[in-house]
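Reader: I'd like to go through the salt bridges here. Can you pull up the structure?
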Amino acid sequence: VDYELRLQSDIARYRVKLGQVEAAREMLGEAVALADRDLQKLQNFNRAAALRLVAEAYAGLGEQDRALQLYKQVVELGSENPNLRPRIKDITASCVSMALHNIEPDADLLSKIQQIVNGLKK
């Protein structure tokens, strides 16, 4: 699942660069459907990273709202791991990714991020 999501996200980004926006959008829609269907097959510490690539590709497509929705899922998935180090890694990677792709977290996502960061202190 993670390799397929990476491949579809990469190809979609290349299609955007080639001007094949509709083909990229269709491919990303398929990637989201795959994630919805099979993401739970991955170990919980791999889920956020796999879906993050799809969110980044949507941001590259210019679909900021859809990317934001996916980043919300990514942040939630990253917070599920009971171990501290993977949670730190995931929240950091998600915040850096959003910054690099010009995705501004809304109030709900910012609150969730703050909740996760505050929970890291415990």
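Author: One term before we start: partly exposed refers to a relative accessible area between the buried limit of under 20% and the exposed limit of over 50%. The model is a predicted one. E80, at 39%, is partly exposed.

Reader: What does E80 pair with?
Author: The partner is R47: their side chains form a salt bridge, 3.8 Å from N to O. R47 sits in helix α3 (residues 44-61) and E80 in the loop between α4 (64-78) and α5 (84-100), so the bridge ties together parts 33 residues apart in sequence.

Reader: Is R47 buried or exposed?
Author: Buried, because its relative accessibility of 11% falls under the 20% cut-off.

Reader: How many salt bridges are in the whole structure?
Author: The search finds nine.

Reader: What about R52, which acid does its side chain meet?
Author: D90, in a salt bridge of 3.5 Å, N to O. This pair links distant parts of the chain, with R52 in helix α3 and D90 in helix α5, 38 residues apart. R52 is buried at 7%, and D90 is buried at 6%.

Reader: Switching to R25. Where is E22 relative to R25?
Author: Both are in helix α2 (residues 21-38), and because they are three residues apart there, about one helical turn separates them. They form a salt bridge whose closest N and O atoms are 2.4 Å apart.

Reader: And how accessible are R25 and E22?
Author: R25 is partly exposed at 29%, while E22 is exposed at 55%.

Reader: Which residues are linked in a network with R25?
Author: E22 and E63; salt bridges link the three.

Notes
Residues are numbered from 1 along each chain as its sequence is written. This is a predicted model: local features need pLDDT of at least 70, side-chain atom pairs count only at pLDDT 80 or more; totals for chains, interfaces and linings use all residues. Side-chain values use heavy atoms; hydrogens and water are left out. A salt bridge is a side-chain nitrogen of Lys or Arg within 4 Å of a carboxyl oxygen of Asp or Glu. Helices (H or I, at least four residues) and strands (E, at least two) are DSSP runs, numbered from the N terminus. Buried means under 20% relative accessible area, exposed over 50%, partly exposed in between (1.4 Å probe, protein chains only).
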